Amino acid sequence: MSLDGDLSDPDRRILLHDLRLTLAPEWLPDVLVALSREPLSYTGLLGMLRSYEVARGRRWVQPVLRDSVLHRTLRWMQDRGLVERDRGQQWPFTSVYRLTPAAMELVRLVLPMAQWAAAHEDLLELDRRIWAERRRRRKNGTKARRSRSR
């Protein structure tokens, strides 16, 4: 099936909707990028994802990854064929996670999205401000207005 000729618009919409659900976990992109360089042990992956530096003068606080969230994200990815887990045979048992070929292909498709985001950081900043305002209103007990498009 070719990417541009064999799919109807409804098929594309359905497939993109399903893809969004597959990529739903918040930390999935981080795991994809981290494992795209090399397989990592669980503790190595957790440490790498917790060691964010505030890049490019960002003003917002970096999220902190909890151990349980990483566990659920890896399980999600394993169940969907994006990550493979190799468990060591000797004590102490360690697990090494690696991306499947399909996930590596996905990484190659997702990286241009990061480049797009870098080129359009103003849109991301606008979205962050909108979400911050919604949280502020919710915290203060006022209802946020919903846009008509939702």
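Which residues line the largest cavity? I put this to the model, which is a predicted one. I found His71, Leu74, Arg75, Gln78, Arg85 and Tyr97 in the lining.

**Cavity**

I looked up how many cavities of 30 Å³ or more the structure holds, and noted one. For the largest cavity I wrote down a volume of about 30 Å³. I then sorted the lining by residue class: two residues are nonpolar, two are polar and two are charged. I also checked which element gives the largest share of this lining. That is helix H4, residues 67-79, with four residues.

**Helices H2 and H3**

Next I turned to a helix pair. I took the angle between the axes and the distance between them, because two packed helices are described by these. H2 packs with helix H3, residues 42-50, at an angle of about 115 degrees. I recorded 10 Å between the two axes. The range of 65 to 115 degrees counts as roughly perpendicular, so I entered H2 as roughly perpendicular to H3. For the handedness, I noted that H2 passes H3 in a right-handed crossing.

**Valine 33**

I stayed with H2 for a single residue. Valine 33 lies in this helix, which spans residues 28-37. Is valine 33 buried or exposed? I read a relative accessible area of 44% for valine 33. Buried means under 20% and exposed over 50%, so I listed valine 33 as partly exposed. Last, I looked up its separation from leucine 99, which is 66 residues away along the chain. The C-alpha atoms of valine 33 and leucine 99 are 9.8 Å apart.

Terms used: Residues numbered from 1 in each chain as written. Predicted model: local features only at pLDDT ≥ 70, side-chain atom pairs only at ≥ 80, totals over all residues. Heavy atoms only, no water. Helix = DSSP H or I, 4+ residues; strand = E, 2+ residues; numbered from the N terminus. Buried < 20%, exposed > 50% of the residue type's maximum accessible area, 1.4 Å probe, protein only. 1 Å grid on protein atoms, 1.4 Å probe; cavity = no way out; pocket = protein on both sides within 12 Å on 5 of 7 lines; lining within 4 Å. Points joined across faces, edges and corners; volume = space filled by probe spheres on them. Nonpolar A, V, L, I, M, F, W, Y, C, P; charged D, E, K, R; others polar. Axes fitted to C-alpha atoms, helices over the stretch in contact; angles between N-to-C directions. Parallel < 35°, antiparallel > 145°, perpendicular 65-115°, else oblique. Left-handed = near helix turned anticlockwise from the far one by under 90°.
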